[in-house]
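Me: I should like a close look at a single part of this protein, followed by its setting in the whole. Please explain each term as it arises.

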Amino acid sequence: MNATGAVAAAVVPAAGRGERLGPGAPKALRELGGVPLLVHAVRALTRSRAVGLVVVAAPADGVAEVVGLLDSHGLDGKDVRVVPGGATRQESVRLGLAAIPAEVEIVLVHDAARPLVPVEVVDAVAAAVRAGAEAVVPAVPLADTVKRVEPNPGGPEPVLDTPDRSTLRAVQTPQGFRRETLAEVHAKALAEENAGGADALPAVTDDAGLVERFGGRVVVVPGHEEAFKVTRPLDLVLAEAVLARRRASDAY
């Protein structure tokens, strides 16, 4: 891997609405400590020396708004680019990937809704790809017992079994990939979608899942409890508390 290729680029898919946070602005533009979640997430990536470029996939009708937002929060000195995203997360990642220069060999994909990921997690993911892994995810052990159930929305759900918690991990982002691996699995997923429609594909909720689906190997590095995803109103309350603690200790 050459010196240019060893510097990672990151894609932040931020075109979704995130309805579970309630009506209003798209989730990525909701504020945490007076600053949009998206700005926090991009800052977290740019703090890492391993990341040389961040590409944000914004709502197709909101590119200019997102450019202005990032510029107004002091990110114009970094290499941050904004491109139109797609109708799905997968499409947004694919469009973001297409905007990354061909010589970049390491690509990270980060959720805009994980605004507080520590820089050491970003560094660890990039370093693992640089060391030879084709796909890397940060993850943390589960604190709760997990039950596998037979889905029955709105009613009691029969328990099928209780997986061994020691073998399970809660996966976070950024996830890291060799550029050629990520491009290949997205191309294969698009080809399958075009051939049989979206219903022909099993549900895949992250890019590492695509690598697994097409036979690739994914490895785990330690994540961090503060890299949680802001999905529901209670998550935003917790994120505000974490941010306040960081600011009080001059760590942010």
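Reply: Helices (H or I, at least four residues) and strands (E, at least two) are DSSP runs, numbered from the N terminus. Residues are numbered from 1 along each chain as its sequence is written. The model is predicted, so local features need pLDDT of at least 70 and side-chain atom pairs count only at pLDDT 80 or more, while totals for chains, interfaces and linings use all residues; side-chain values rest on heavy atoms, without hydrogens and water.

The part chosen is V12, which belongs to strand β1 (residues 8-13). V12 has a relative accessible area of 0% and is therefore buried; buried means under 20% relative accessible area, exposed over 50%, and partly exposed in between (1.4 Å probe, protein chains only). Contact means heavy atoms within 4.5 Å. When neighbours within four places in sequence are set aside, V12 is in contact with L38, L45, V54, V55, V56, A57, H110 and A112. From C-alpha to C-alpha, V12 and R43 are 11 Å apart in space, with their positions 31 residues apart in sequence.

R43 leads on to T46, a residue of helix α1 (residues 37-46). The side chain of T46 reaches the backbone oxygen of R43 at 3.1 Å. T46 counts as buried because its relative accessibility is 14%. Beyond residues up to four places away in sequence, T46 touches V54, L75, K78 and V80; V54 is also among the contacts of V12.

A further residue to consider is D111, found in the loop between β6 (106-109) and α4 (119-130). D111 is buried, because its relative accessible area is 10%. The side chains of D111 and R89 are joined by a polar contact of 3.2 Å. Such a contact is a pair of N or O atoms within 3.5 Å; within protein, one must be able to donate a hydrogen and the other to accept it, and residues adjacent in sequence count only if both atoms are side-chain atoms. Apart from residues up to four places away in sequence, D111 touches A41, R89, T173 and K229.

The setting of these residues can now be described. The protein has seven helices and twelve strands. Buried residues account for 44% of its 252 residues. Among contacts between residues at least 6 apart in sequence, 73% join residues at least 24 apart. Along the principal axes, the C-alpha atoms fill a box of roughly 55 × 40 × 35 Å.
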